[in-house]
Amino acid sequence: MLRAPIASPDQLVVIAQLVGPDLLTDGPNGTFFTGGKDGSVRQIVGGGEWSEFASGFQEVRGVAYDAENRVSSSPITMGSKRTA
């Protein structure tokens, strides 16, 4: 994952090395949450470290974090009805 500062978009900064992150959202204290095709929700902290926050989904497309400190995701299965 890369970040491109608005003032200098040509100077990319590595945020974390993850396979297939999808649709990031801001979390608390400068962290991020992301889902992916591997069926997990991951939390990324400063320095590029990450941990698995939740797993067991078929695929996660979209993650949200709210002011009540709750994380929600949109697990889907390609080609079938959305179940969550």
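Which residue in strand 5 is the bridge partner of Phe32? Select Phe32 and look across to strand 5: the partner is Ile44. The tour comes back to this residue after a view of the whole chain. Keep in mind that this is a predicted model.

**Stop 1: the whole chain**

Show the chain as a cartoon. There are 8 strands and 0 helices, so the order of elements from the N terminus reads β-β-β-β-β-β-β-β. The protein has 84 residues, and 30% of them count as buried. If you switch on the surface, you are looking at about 5,700 Å² of exposed area, of which carbon and sulfur atoms supply 52%. Among contacts with a separation of 6 or more, 20% are between residues 24 or more positions apart.

**Stop 2: colour by confidence**

Now colour the chain by pLDDT. The average is 77, and 81% of the residues score at least 70. Strand 5 has the highest mean of the elements, 90, while strand 8 (residues 71-75) has the lowest, 62. Select residues 77-84 next: the pLDDT is below 50 there, and the stretch has 6 contacts in the model beyond near neighbours in sequence. Where pLDDT is low, the predicted coordinates should not be read in detail.

**Stop 3: strands 3 and 4**

Select residues 21-26, which form strand 3, and residues 32-36, which form strand 4. The two strands pair in the antiparallel sense over 4 bridges. One position to check is Asp22, which stands opposite Gly35 in strand 4. Strands 3 and 4 form a hairpin with 5 residues between them.

Select Asn29 in the loop between strand 3 and strand 4. Its phi is positive, about 55°, although Asn29 is not a glycine. Is Asn29 buried or exposed? Asn29 counts as exposed, because its relative accessibility is 81% and the cut-off for exposed is over 50%.

Go back to strand 3 and pick Thr25. Thr25 has a relative accessible area of 17% and is buried. Apart from neighbours within four places in sequence, the contacts of Thr25 are Thr31, Phe32, Phe33, Val63, Ala64 and Tyr65.

**Stop 4: strands 4, 5 and 6**

Add residues 41-44, strand 5, and residues 50-54, strand 6. Strand 5 runs antiparallel to strand 4, with 3 bridges joining them. The hairpin of strands 4 and 5 has 4 residues between the strands, and Gly39 in the turn has a positive phi of about 85°. On to strand 6: 4 bridges join it to strand 5, again in antiparallel fashion. Strands 5 and 6 also form a hairpin, with 5 residues between them, and here Gly47 in the turn has a positive phi of about 85°.

Show the side chains of strand 5. Val41 and Gln43 point one way, Arg42 and Ile44 point the other way, and all of them are buried.

**Stop 5: Ile44 and the nonpolar core**

Return to Ile44. On strand 4 its bridge partner is Phe32, and in strand 6 it stands opposite Trp50. Leaving aside neighbours within four places in sequence, the contacts of Ile44 include Leu24, Thr31, Phe32, Thr34, Glu49 and Trp50.

Now select Met1, Ile15, Ala16, Leu18 and Ile44 together: these 5 residues make up the largest nonpolar core.

Within that set, centre on Leu18, in the loop between strand 2 (13-14) and strand 3. Leu18 counts as buried, at 12% relative accessibility. Not counting residues up to four places away in sequence, Leu18 touches Met1, Thr34, Arg42, Ile44 and Trp50. Draw a distance from its C-alpha to that of Glu49: the two residues are 9.7 Å apart in space and 31 residues apart in sequence.

**Stop 6: the aromatic pair**

A pair of aromatic rings is described by the distance of the centres and the angle of the planes. The count for this model is 1 aromatic pair. Select Phe33 and Phe53: the ring centres are 5.1 Å apart and the planes are at 75°, so the pair is edge-to-face. Phe33 belongs to strand 4 and Phe53 to strand 6, so the pair links distant parts of the chain, 20 residues apart.

Finally, compare how covered the two residues are. Phe33 is buried, with a relative accessible area of 2%, whereas Phe53 is partly exposed, at 46%.

Terms used: Residues numbered from 1 in each chain as written. Predicted model: local features only at pLDDT ≥ 70, side-chain atom pairs only at ≥ 80, totals over all residues. Heavy atoms only, no water. Core = buried A, V, L, I, M, F, W, Y, C linked by side-chain atoms within 4.5 Å. Buried < 20%, exposed > 50% of the residue type's maximum accessible area, 1.4 Å probe, protein only. Contact = heavy atoms within 4.5 Å. Pairing = 2+ DSSP bridges. Phe/Tyr/Trp six-rings, centres within 6.5 Å; stacked < 30°, edge-to-face > 60°. Areas by Shrake-Rupley, 256 points an atom, 1.4 Å probe, with all protein chains shown as cover. pLDDT = per-residue confidence, 0-100.
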